[in-house]
Amino acid sequence: MPDLLLELFSEEIPARMQAQAADALKKLVTDALVERGLLYEGAKAFVTPRRLALAVHGLPGRQADQREEKKGPRVGAPEQAVAGFLKAAGLASLDQATIQSDPKKGDFYVAVVEKPGRATTEVVAEIVPDIIRKFPWPKSMRWGSGTLRWVRPLHSIVATFGAEGDEPEVVHFSVDGIEASNVTRGHRFMAPEPFTVKRLDDWMAKLEAAKVVADRDRRKEIILNDAKDLALAAGLELVEDEGLLDEVCGLVEWPVVLMGSFEARFLDIPDEVIRATIRANQKCFVLKDPKTGRLANRFILISNLVASDGGKAIVAGNERVIRARLSDAKFFWDTDRLNGLASRMPKFQSITFHEKLGSQAERIERIVRLAKELAPKVGAPVALAEEAALVAKTDLLTEVVGEFPELQGLMGRYYAQGENLPAEVAAACEEHYKPQGPNDRVPTAPVSVAVALADKIDTLVGFWAIDEKPTGSKDPYALRRAALGVIRIVLENGLRLRLSQPFLVSDAREWGEARLVHSRPFGDLHLPIHLIDLLAFFADRLKVYLRDRGARHDLVDAVFALEGQDDLLLVVRRVEALAAFLATEDGRNLLAGYRRAVNILRIEEKKDGRAFAGPTVAALLKEPAEEHLAAAIDDVKARVSKAVAAEDFEAAMTALSDLRQPVDAFFDAVTVNDADPALRENRLKLLDEIRAATRGIADFDRIEG
């Protein structure tokens, strides 16, 4: 079957847009072909700095013929209706239509329209220009006098179609004066002359001969392997960087790996600063000395051509730039250490954190206060937590972090170590930002944990206080990430921490008589409404966290629905115990009995317009089964309460399982809606007691399935 080859040749496409553009071209073209009945066997997109291409394999030569019946008006319908039918069906007269009978609707006209399939080349010539004109570049430009917008000036289009062994034909169309053809060009400098291509294999082979590696993955493989080989030959190791590899792959069509060097005196700078400098300014890889574990004074650069001098001039040019940039970095590093962290603290007073939340200095004061409150709860010395919280943000005002913001925290650790601050304080300077994402590690050192929790909780409470919460997909202050960070720190460190307490400490500046008006009870506390809403947000984030680990979100809902649930570790333990219980036969049967009891109770409460709340009246328990159930409920409630108080949730579930048999027996032997109103009310209250017994564990109303 024939194949389609499409190439869009232009000026350099920004590296960051290339992969997405290749995916978009493949999807847009193949979707359009399938929509028009042209199914294919396979498709692959290609992208280099100067070309975006697509090969579609196994296309039919033309569309299948179509036969369609169009139902018209009834026989004898008004002339206007008949005329409209003839026009829509493309008929000259009713003689070209047939008449069909319907037992209910009578006779009506039917037109049989046969539409022959079009050649695939015609379809391609129709869809591709529209795709090019509407291509979804993040940014585009218009040049010259044309109207086409493209990421960079578009120079030529290759469009060929044909089966293997045949001479493919050019798919003729034009876009803004650019005629599709079978002519392309190779490398800008090493093979600039035009040449003709046929199908994919011919296109790739001729491009290779013209110093262009069309396959993006193959270019990456060449760069990585050659860089490793060059490093090995020098007795060094390549510091791999997937993000940089993706970027440099998008900068070259013919990758040539070269090695440069810089003065050893720059190795006094921290490795991360050297790497950030060389990466950001020259898109080069750094090398490590396996003997020391530190960076070597060498780097790997990727050229886009084979130079006549073996790359000496290219290497020398990169060395000059890197030397200048490293000189700047060394100046920043030396200046920062000379001035010290404490000298930067006053500057925070003039820097606004948020117009409604005060200055950075005020925020640091809140973090310090909260870190001191949290320190005993996480096993950290209060004095060290206070010191760490005070200096943790100061590296934000250093020269190095100003130049390389991605090094915030890490540089704080270096500067703290250089000033001989306690090791726990230095570690907290770096680790209090963690975790930055779902795959980032959480801090485990107590001082780091205290400051990390204080930092994140202050952010969350502050933005909730001013009603700047995430909405839909918008989360400009990364509050979801902050909440997930708190959850991970608490759970992965096994911390017993009631969130409402640090929330209140953090919210103290807002707490007062005015806020009491907008508050309500929460367990044994009285919380402002916005903090209760923040705890609900944590419940949602915890559901996401646990769901990713295979837990059921409805069980998290069921536990959080109980009043005063703000100890995340206990919530998770309850959820785990509840899940294990519901997986047993006793658990499943008790849940079924519970639902039967609650359904009856709801129906009768709606009918009577009142609630039936326990306890029951012992004298009105007439049947042995209801006496047995009432006694079992009292026993189970006491055992569950004792087990929950001891945080023994498995024992609580064991106690709850003892309700299964008396609940089943009750429904088998007792009629709830007795003719005697007093007995009926007492039995409905007994059903409510079943609900009350389970509430010691979770809200069973929220359990699905």
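What follows is a walk through two parts of this predicted model, a sheet with a helix packed on it and a pair of helices further along the chain.

The sheet is an open one, built from three strands that follow one another in the order β4-β6-β5, and their pairing is antiparallel. At its edges lie β4, which covers residues 66-74, and β5, which covers residues 98-102, each of them pairing on one side only. Averaged over the sheet, and with direction ignored, neighbouring strands are turned by 35° against each other. The pairing of β4 with strand β6, residues 106-115, runs in the antiparallel sense and extends over seven bridges. Within this part of the structure, Arg74 can be found standing opposite Phe108 in β6. Helix α2, formed by residues 79-89, packs on the sheet and touches both β4 and β6, while the direction of α2 makes about 175° with that of β4.

The other part to look at is the meeting of helix α10, residues 382-391, with helix α13, residues 423-431, whose axes come within 9 Å and cross at roughly 40°. Because of that angle, α10 counts as oblique to α13. The crossing in which α10 passes α13 is right-handed. On the α10 side the contact is made by Leu384, Glu387, Ala388 and Val391, and on the α13 side by Glu424, Val425, Ala428 and Cys429. Taken by character, the residues of this contact between α10 and α13 divide into six nonpolar and two charged, with no polar ones.

Methods. Residues numbered from 1 in each chain as written. Predicted model: local features only at pLDDT ≥ 70, side-chain atom pairs only at ≥ 80, totals over all residues. Heavy atoms only, no water. Axes fitted to C-alpha atoms, helices over the stretch in contact; angles between N-to-C directions. Helix = DSSP H or I, 4+ residues; strand = E, 2+ residues; numbered from the N terminus. Parallel < 35°, antiparallel > 145°, perpendicular 65-115°, else oblique. Left-handed = near helix turned anticlockwise from the far one by under 90°. Contact = heavy atoms within 4.5 Å. Nonpolar A, V, L, I, M, F, W, Y, C, P; charged D, E, K, R; others polar. Pairing = 2+ DSSP bridges.
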